[in-house]
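Dear colleague,

I am passing on the structure we spoke about, and below it you will find my notes on charges, salt bridges and annotated regions. Please read them alongside the sequence.

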Amino acid sequence: MSRDEDKQVSDYRETANEEVEIFELNQPTDEEIYESITEALQHNDQESFREEFFKNHTYDQAKLYLSLEPAERIKLHEYLAPQDLAEVYDIIDEDDHDRILTFLYDMDDKYAADVLSYMYTDNAVDILNELNGEKVRTYMHMMPKAAADDIKVLMHYADETVGSIMTTEFVSITTNQTVKSAMTMLRAKAANAETIYYLYVVDDDNRLVGVLSLRDLIVNDGNVMVNELMSDRVVSVDVNENQINVARTIQDYDFLAVPVVEETGELIGIVTVDDVIDVLNDEAMQDYSGLAGVDVDEQYSSPWNSAKSRLPWLITLLFLGMGTSTLISQYEDMISEVATLSLFITLITGTSGNAGTQSLAVAVRKLATPEDEGSTMGSMILREILTGLIAGGVTGLVIMLVVGIWQSNFVLGGVIGVSMLCAITVANLAGSLIPILMDKLGFDPAVASGPFITTLSDLTSVLIYFTIASQFLNFLH
């Protein structure tokens, strides 16, 4: 490149950077947007409000909607058509559904029914399932019949099944159509479909027989038949499967959506990736709640409700902890003879509890992903035992040296070191076995929570510690 060309490129970059800086400086901040919209509401300026409101992305519209004061929100309902607000409600997170229920009660019933009817069916069902029966009947009666019928279909599916999260807004075509005909149908249905990137091919009995991508339609001649282009190896899920299965399917295949079929193979809906993200998030929250022994959604509850949900765990663990205290009392004479032993009780119990919780997390993860190749339950348990032996051996050796030098008694250090080795190994074994046992008994493995494993590890590690110490009592004085 010549010097003149290099200078031209440099000048171009400087100009481009200046234009980007000017563009960024001219962009209004979130606070400015909020102020302009609320000011339009306060001054009853519908035209300015709609102009400013629709400049924003739907996600930003939802954030702004949730941040409004009650009086401002009621005014917004007057300025937005039900279909406009439905787009906002479609994007609002499930965590805010409790607030949505309050907003619906503040609306005129007919307006609220229209909003729900314009929403994607699966999202509307999520909200309706949280309303009382009388309100649901009121809204369903006021909705257009077609929307109400679609909602009724989804509402009868059990919670956490594929049917409860699928949507019926999708595009299907038949095998005997041409690409041109399929494109015409796609244009007619695209506005109401949740996604148009996949077109599902059905036979005369509405059974799923193939799939096409939007790209397949665009790059091929209009006279080509659909059955010549479609892929007949379609990945689908049964409507009654657990929702986590469809989440894993979409995750494994990197799909944007997956078709849902009845036992007969009839296509009845699709599950989209945004619904799967919600499912995976809910599953992660449930697992975390179980491991912590608490409902992480308590941040939205009153102190009284939070206390009520935690008390069963705390009372159960209290009685289990009393078992540890009772066990320690059985060695009262030994402790009175060698008081130094009491210094290391919490050290051993705390370390083994931490090790057990780590093993628990691995076991729960394995139970949640049983299809992982190269890893069976047996190999996972064996790996945890070996991990416990290695971690316990290294930890025990370190604490033996520290205690031996500190207390000038390497026999005491050896007792604590061997106790640490055994306690960690047993805690790892318990952390991997208990979730498996609960799963076999039909309970959620995440219920084998961290606090439970920690308390159980306290009991076993105290027993191990004093049993080993009693064998070397004469050398510990």
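Is D149 buried, partly exposed or exposed? In this predicted model, D149 has a relative accessible area of 29% and is therefore partly exposed, while K145, at 62%, is exposed. The side chains of these two residues, K145 and D149, meet in a salt bridge with an N to O distance of 2.8 Å, and because they are four residues apart in helix α11 (residues 145-155), about one helical turn separates them.

The count of salt bridges comes to nine. One of them joins the side chains of R50 and D84 at 3.6 Å, N to O; since R50 belongs to helix α3 and D84 to helix α6 (residues 82-91), this pair ties together parts that lie 34 residues apart in sequence. R50 is partly exposed at 31% relative accessibility, whereas D84, with 17%, is buried. In addition, D203, D205 and R207 are linked in a network of salt bridges.

On the surface, a patch of negative charge gathers D30, E31, E32, E35, E39, D45, E47 and E51, and the elements that contribute two or more residues to this patch are α2 (30-42) and α3 (46-53). Helix α2 gives the most, with five residues; D30, found in this helix, is exposed at 53% relative accessibility.

Finally, an unreviewed UniProt entry lists residues 385-406, 412-434 and 446-468 under "transmembrane region". In the model, residues 385-406 are 100% helix, with the end C-alpha atoms 30 Å apart, and residues 412-434 are likewise 100% helix, with the end C-alpha atoms 32 Å apart.

With best wishes

Terms used
Residues numbered from 1 in each chain as written. Predicted model: local features only at pLDDT ≥ 70, side-chain atom pairs only at ≥ 80, totals over all residues. Heavy atoms only, no water. Patch = residues over 30% accessible without salt bridge, like charges linked within 9 Å, V, L, I, M, F, W, Y side chains within 5 Å. Areas by Shrake-Rupley, 256 points an atom, 1.4 Å probe, with all protein chains shown as cover. Salt bridge = Lys/Arg side-chain N within 4 Å of Asp/Glu carboxyl O. Lys, Arg positive; Asp, Glu negative; His and termini not counted. Charge placed at Lys NZ, Arg CZ, Asp CG, Glu CD. Buried < 20%, exposed > 50% of the residue type's maximum accessible area, 1.4 Å probe, protein only. UniProt positions renumbered as here; feature names shortened; annotations may be inferred.
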